[in-house]
Amino acid sequence: MLSDLLFSFKDSEFLFNLFGYISFRSGLSLVSSFFIVLILMPHWIKLQCRIFPSGQPIRNDGPQTHYHKKGTPALGGVLILFSIILSSILWTSNFSSFNYILILTLILFGLIGFFDDYKKVKLGDGISSKIKFLCQLLATLVIYFTIKYNGFDLNKFSIPFLKNVSVEIGYFYFILILLIVIGSTNATNLTDGLDGLVSMPLIFVFLTFAIFAYVLGNINFSDYLLVNYINGSGEIVIFCTSAIGALLGFLWFNSSPASIFMGDTGSQSLGASLAVTSILLKQEIVLAVAGGLFVIETISVMLQVSYFKLSKGKRIFLMAPLHHHYEKKGLSEQKIVIRFWILSFLFCLLALSLLKIR
């Protein structure tokens, strides 16, 4: 907790007072995580090329335009997670339980994703979907009981459209948490299919939750906007800005043509951490709105699979997830990515409007 150490010198030098402000520390966390990734990523790419020369395997049934990507390093998520965790620890104040729960989420789901990525680059095939789901379920249970142990309310579901209204749902909240965490984890994973596609939407959603965390953690702002004040939740801003900085640094290398992929290590853990952020802030509906792009991508897969089974071989889309459908229709990868970024930005603007709609 470097920020706490520096803040302790406030009596000897007034500039150290700055480390008591979340806004200042959030800027530091963003910049530090960005430069950690920017400086270390070239070395990480070279190391992967030496250790795992086969790189990322490419599906045979995927778009032909992806064949040239075979061999691209696929463990970019490792450095993303390292950067977020280090920056969050450095600039989080007073041992914030909020951020340490989020760091635990990153580690647990990052390990699942890393195991899957490692098998892909080493053996050419990842872990089975059943084993992956079981691991995600166990990780979610650990997160649930950790949140509960730290005294967070896991009974009331907040409705963002009404003034300080929440519904008591009791033990059903446990089922809801499983659906949110596992759903968000796999939704971001499904969206990570084109160069740079998932990075910018993740940045937009983390920025949305950074704003929500700042408002909900400030008693004056929360009172003015008629939202539930959550003491200490402002520290989540540090985690969100750390994630934004790391993703910006990663996008530097992941933009088309990508020099490295995020892999399941990054997409699963970041999706899970967004879900847990929404749970800690009691803004689960906001996640569904801000992450609208992830929802659409997931629904496209569910519709495709269901219709394929019911119609005995027919398809709704040329290929799922949805971004592959547009690839098959002949749109360039860059055009699809930019258009999906625009959609994600609009979804996040809509989510932010929920702060005022009461």
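**Helices, a buried glutamate and a nonpolar patch**

Colleague: How far does helix H10 reach from its first C-alpha to its last?

Modeller: This is a predicted model, in which local features need pLDDT of at least 70 and side-chain atom pairs count only at pLDDT 80 or more, while totals for chains, interfaces and linings use all residues. Residues are numbered from 1 along each chain as its sequence is written, and side-chain values use heavy atoms, with hydrogens and water left out. Helix H10 (a DSSP run of H or I, at least four residues, numbered from the N terminus) covers residues 263-280 and has 18 residues. At 1.5 Å a residue (times one less than the number of residues) the expected span is 26 Å, and the helix comes close to it, reaching 26 Å.

Colleague: How many residues of H10 are buried?

Modeller: Buried means under 20% relative accessible area, exposed over 50% and partly exposed in between, with a 1.4 Å probe and protein chains only. H10 is mostly covered, and its buried residues number 18 of 18.

Colleague: Which residue has a side chain joined to that of Glu-297 by a polar contact?

Modeller: Glu-297 is found in helix H12, residues 292-310, and is buried, with a relative accessible area of 0%. A polar contact is a pair of N or O atoms within 3.5 Å; within protein, one must be able to donate a hydrogen and the other to accept it, and residues adjacent in sequence count only if both atoms are side-chain atoms. At 2.5 Å, the side-chain partner of Glu-297 is His-323.

Colleague: Is Ile-39 buried or exposed?

Modeller: Ile-39 lies in helix H2. Because its relative accessibility is 52%, Ile-39 counts as exposed.

Note on methods:
Helices (H or I, at least four residues) and strands (E, at least two) are DSSP runs, numbered from the N terminus.
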